[in-house]
Amino acid sequence: MPELPEVETVRLALDKIVKNALVKKVEIYRYDLRWKVKDNLKVNLEKDILKKPFRMGKYILIPTIKNKILLIHLGMSGQIKIQKKNHLKSKHDHIDIVVQAENKLTYSITYNDPRRFGFVDFFNKKDIYHHFLLKNLGIEALSKELTVNKLKPLINNRKKSIKNTLIDQRVIAGIGNIYASEILYRAKIHPKRSANSLSNQEVDTIIKACRFILKKAIKVGGTTIKNHAQPDGKLGYFSQKLKVYGRAGQKCFYCKNNIINMLITKRSTFYCDHCQI
Ligand SMILES: [Zn+2]
């Protein structure tokens, strides 16, 4: 499942293509994604000019010169492919946006999603903070806004576990299941600790771990794009060197005890019982 670093990697790749690109053609092969794609997406998006993409949580947002926003959500298995025009349609390609980039070359931006938990939307820029996917987003995980002073009051009354809190997009936007385990392992905080039991110092350690883990992952993603551009143009998935996630039964890097996998609200949570308190 793509998390913030994967989404940011896709955004960076799109940035090179879509800035000032003219939308020449939009093909929609399937409307029934996680939510129904608007009927008028094709008509409204064609002939518009895209601007620099930005990210909110795990959503990619591409503004246009007509003051609209194209939103891309990769969901569980969504991928963006940037390909030369005249590519063959592959299985699970649902939307094709053909653009003429600033350099006059034509590219096809394809939304591919086997499980169709993702979404593509197009709406007026002025409605951005009312959009149903964006209006409840919490503090951006990589922004300067994420501080102890801002975060502590949001979690002071939460009896739920810190693991559960970290992946709640209404509290912090951008952390998913994989990186929540990685962040808590680095911060040496037990995932089951209730959020309101954490001291200021511990919250600060989690925030620092969050920045470190996400930034490192984005760096790996960037390297992937530069050095290993995949022939099919697929973006958004790259192998991370994870320290704890997926390592149940293997030795902890700090203390050599075995890593444990525990379900917290039905989601796998990996941790070291000895190091994380
Ligand atoms: Zn350990």
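This is a short walk through one chain, from its overall form down to a few residues.

Keep in mind that the model is predicted. Let's start with the whole chain. It has 277 residues, and a compact globule with that many would have a radius of gyration near 19 Å. The chain has 20 Å, which agrees. Along its principal axes, the C-alpha trace spans about 55 × 40 × 30 Å. As for burial, 38% of the 277 residues count as buried.

Now the parts. The chain holds 6 helices and 13 strands. The domain assignment gives two pieces: domain 1 covers 4-130, and domain 2 covers 139-271. Their C-alpha centres lie 27 Å apart. Look at the contacts too. Take those in the chain with a separation of 6 or more: 68% of them come from residues 24 or more positions apart.

Next, the core. In soluble globular proteins, nonpolar side chains tend to be buried together. Here the largest nonpolar core has 65 residues. Which of them touch the most other members? They are V99, I175, I183, L184 and C210. Domain 1 and domain 2 each supply at least three residues to this core.

Let's zoom in on I183. Set aside its neighbours within four places in sequence. I183 is then in contact with L166, I175, I206, A209, C210 and I213. Two of those names, I175 and C210, were on the earlier list as well.

On to a sheet. Strands of a sheet pair through backbone hydrogen bonds, either parallel or antiparallel. This one is open, with 4 strands in the order β2-β3-β4-β8, and the pairing is antiparallel. Which strands stand at the edges? β2 and β8 (119-124) do. Each has a single partner strand, so one side of each is left without a neighbour in the sheet. On average, neighbouring strands of this sheet are turned by 25° against each other, direction ignored.

Look closer at β4, residues 68-73. It is joined to β8 by 6 bridges. Within that stretch, L70 stands opposite F122 in β8. There is a helix here too. α1, residues 4-18, lies across β2 and β3 (59-63). It runs at about 20° to β3.

Last stop: K47. Find it in the loop between α2 (41-45) and β2 (54-56). Is K47 buried or exposed? It is exposed, because just 12 other C-beta atoms lie within 10 Å. K24 is 23 residues away from K47 in sequence. In space, the two are 5.9 Å apart, C-alpha to C-alpha.

Definitions and conventions
Residues are numbered from 1 along each chain as its sequence is written. This is a predicted model: local features need pLDDT of at least 70, side-chain atom pairs count only at pLDDT 80 or more; totals for chains, interfaces and linings use all residues. A nonpolar core is a set of buried Ala, Val, Leu, Ile, Met, Phe, Trp, Tyr and Cys residues joined through C-beta atoms within 7 Å. A residue is buried if 20 or more other C-beta atoms lie within 10 Å of its own, exposed if 12 or fewer, and partly exposed in between; C-beta atoms are placed from the backbone. Domain bounds come from an automatic or database domain assignment. Two residues are in contact if their C-beta atoms, placed from the backbone, lie within 7 Å. Helices (H or I, at least four residues) and strands (E, at least two) are DSSP runs, numbered from the N terminus. The radius of gyration is taken over C-alpha atoms; the globule rule is 2.2 Å times the number of residues to the power 0.38. Two strands pair if DSSP finds at least two bridges between them. Axes are lines fitted to C-alpha atoms, for helices over the stretch in contact, and angles run from 0 to 180 degrees between N-to-C directions.
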